[in-house]
Amino acid sequence: MRLNRIDLNLFIVFEALYRERRVTKVARHLNITQSGVSNALRRLRETFDDPLFVRGPEGMVPTPVAENMIVDVRQALDLLSRSVGENLRFQPELSEREFRLGMNDLGQALILPGLREKLREQAPKVALSTYYVDRRIGEEDLKSGGLDLLIDAPDINALELDQAFLAELPYVVTMRHGHPLAKGPLSLQCYLGADHIHVSSRKRGRGQVDVALHALGEQRHISMRVQNYLVAANITAESDLLWTVPRMLAETTGLYITEAPLKVPPLFWNLYWPKSVTMDPASRWMRQLIMSQFAESCSRLLPD
């Protein structure tokens with residue numbers, strides 16, 4: 001017998017018949033017609049090749065097969081009921097759920113400390129696991145359930161996913177204190193004459209800054225390319241390299257900060273999740289927590 005061929009609603013009728021022993025009471029209790037109850041019983045009999053209930057002086061009397069089934073059926077229905085109930089009334093202070101988030105190390109550095117503090121206060125048993133994944137892989141992981149949420153640029157357009165705007169991150173130029181260029185406004189000429197460090201997970205390709213320079217017919221010299229923002233911050237602090245980075249991160253590094261000498265489009269981030277969990281209370285709670293944390297971080301680290 002294959003479970004996918006059985007209407008699970010039949011077990012609700014089965015349990016009610018076992019408890020009430022009368023078709024009329026079951027119909028009233030489940031808010032269906034008597035013929036609906038009789039039809040469900042017919043299908044149950046066909047499925048299990050047994051009468052299951054026979055008429056007696058006190059109503060419908062369960063057969064030995066029904067007696068053997070009732071304990072397992074009630075346990076299964078109770079488990080499903082509790083599962084649905086927990087999802088409908090998600091209680092973060094009691095939950096032991098693990099949320100799997102996809103984001104790069106920039107996102108981790110910007111929101112995880114504050115997010116962890118919120119979890120400690122509101123949901124001490126909730127766990128977080130974060131992963132950096134390629135955009136295409138992250139999209140597939142969301143669809144398959146491998147990730148609960150993904151933070152990425154607004155370049156994902158999948159019908160199976162929902163999204164919300166998370167943050168707009170303008171760029172600035174950073175350098176070590178005492179750098180020869182760390183005095184007054186930075187000119188484009190000086191910017192182009194310096195060596196630069198660039199953060200990217202890709203082996204090649206242009207970033208936001210290089211696209212903006214290309215539009216001006218200019219090009220900077222990238223002498224070092226790394227994959228980690230915090231590594232870039234440490235190298236910048238110990239060298240004469242310039243690092244063009246979202247201000248929100250720059251404000252946390254202790255580096256000297258100056259405005260970029262060209263117009264660089266800001267980095268936009270969206271929050272993505274499967275449409276199937278849009279109304280799930282646990283997912284909604286975590287999404288709201290992440291968006292709240294980003295809003296707080298932006299208001300604290302970015303100037304008005």
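Leaving aside neighbours within four places in sequence, with which residues is Arg22 in contact? Select Arg22 to start; the model on screen is a predicted one.

**Stop 1: Arg22 and the loop between H1 and H2**

Arg22 sits in the loop between H1 and H2. Once neighbours within four places in sequence are set aside, its contacts are Pro57, Glu58 and Gly59. Arg22 has a relative accessible area of 37%, so it counts as partly exposed. Now add Leu8 and draw a C-alpha to C-alpha distance from Arg22: the two are 14 residues apart along the chain and 21 Å apart in space.

Move to Arg21, which belongs to the loop between H1 and H2. Its phi is near 70°, a positive value in a residue that is not glycine. Most residues other than glycine have a negative phi. With a relative accessible area of 26%, Arg21 is partly exposed.

**Stop 2: H1 against H2**

Select residues 9-20 for helix H1 and residues 23-30 for helix H2. Two packed helices are described by the angle between their axes and the distance between the axes. For H1 and H2 the angle is about 130° and the axes are 9 Å apart. That angle makes H1 oblique to H2. The crossing of this pair is right-handed.

To display the contact, show side chains on both helices. On H1, pick Ile12, Val13, Ala16, Leu17, Arg19 and Glu20. On H2, pick Val23, Lys25, Val26, His29 and Leu30. Coloured by class, the contact of H1 with H2 shows 7 nonpolar, 1 polar and 3 charged residues.

**Stop 3: H2 against H3**

Keep H2 and add helix H3, residues 34-48. The axes of H2 and H3 come within 8 Å and cross at roughly 105°. H2 is therefore roughly perpendicular to H3. The residues to select on H2 are Val23, Thr24, Val26 and Ala27, which meet Gln34, Val37 and Ser38 on H3. By class, the contact of H2 with H3 splits into 4 nonpolar, 3 polar and no charged residues.

**Stop 4: H1 against H3**

Hide H2 and bring back H1. H1 and H3 pack with their axes 9 Å apart, at an angle of about 105°. The two helices are therefore roughly perpendicular to each other. From H1, select Leu10, Phe11, Val13, Phe14 and Leu17. They meet Val37, Ala40, Leu41, Arg43, Leu44 and Phe48 of H3. The class count for the contact of H1 with H3 is 10 nonpolar, no polar and 1 charged.

Some residues appear at two stops. Val13 and Leu17 of H1 take part in the contact with H2 and in the contact with H3. Val37 of H3 meets H2 and also H1.

**Stop 5: Asp49**

Follow the chain to Asp49, in the loop between H3 and strand S1 (53-56). Its phi is near 50°, a positive value in a residue other than glycine. Asp49 has 70% relative accessibility and so counts as exposed.

**Stop 6: aromatic pairs**

Next, show the rings of Phe, Tyr and Trp. Pairing them by ring centres within 6.5 Å gives a count of 6 aromatic pairs.

Zoom to Phe90 and Trp285. Their ring centres are 5.4 Å apart and their planes stand at 55°, so the pair is tilted. Phe90 is in the loop between helix H4 (64-88) and strand S3 (98-102), while Trp285 is in helix H11 (residues 281-301). The pair thus links distant parts of the chain, 195 residues apart. Phe90 and Trp285 are both buried. Add Phe99 to the selection: ring pairs link Phe90, Phe99 and Trp285 into a cluster.

Then select Tyr229 and Trp243. The centres of these rings are 6.4 Å apart with planes at 45°, so this pair is tilted. Tyr229 lies in helix H9 (residues 229-237) and Trp243 in strand S10 (residues 242-246), so the pair ties together parts 14 residues apart in sequence. Tyr229 and Trp243 are both buried.

**Stop 7: Gly254**

Finish at Gly254. Is this residue buried or exposed? It is exposed, with a relative accessible area of 52%. Gly254 lies in the loop between helix H10 (247-250) and strand S11 (256-258). Add Arg284 and draw the C-alpha to C-alpha distance from Gly254: 35 Å in space, for residues 30 apart in sequence.

Conventions. Residues are numbered from 1 along each chain as its sequence is written. This is a predicted model: local features need pLDDT of at least 70, side-chain atom pairs count only at pLDDT 80 or more; totals for chains, interfaces and linings use all residues. Side-chain values use heavy atoms; hydrogens and water are left out. Axes are lines fitted to C-alpha atoms, for helices over the stretch in contact, and angles run from 0 to 180 degrees between N-to-C directions. Helices (H or I, at least four residues) and strands (E, at least two) are DSSP runs, numbered from the N terminus. Angles under 35 degrees count as roughly parallel, over 145 as roughly antiparallel, 65 to 115 as roughly perpendicular and the rest as oblique. A crossing is left-handed if the near helix is turned anticlockwise from the far one by less than a right angle, and right-handed if clockwise. Contact means heavy atoms within 4.5 Å. Ala, Val, Leu, Ile, Met, Phe, Trp, Tyr, Cys and Pro count as nonpolar, Asp, Glu, Lys and Arg as charged, and the others, Gly among them, as polar. Rings of Phe, Tyr and Trp (its six-membered ring) pair if their centres lie within 6.5 Å; planes under 30 degrees apart count as stacked, over 60 as edge-to-face and the rest as tilted. Buried means under 20% relative accessible area, exposed over 50%, partly exposed in between (1.4 Å probe, protein chains only).
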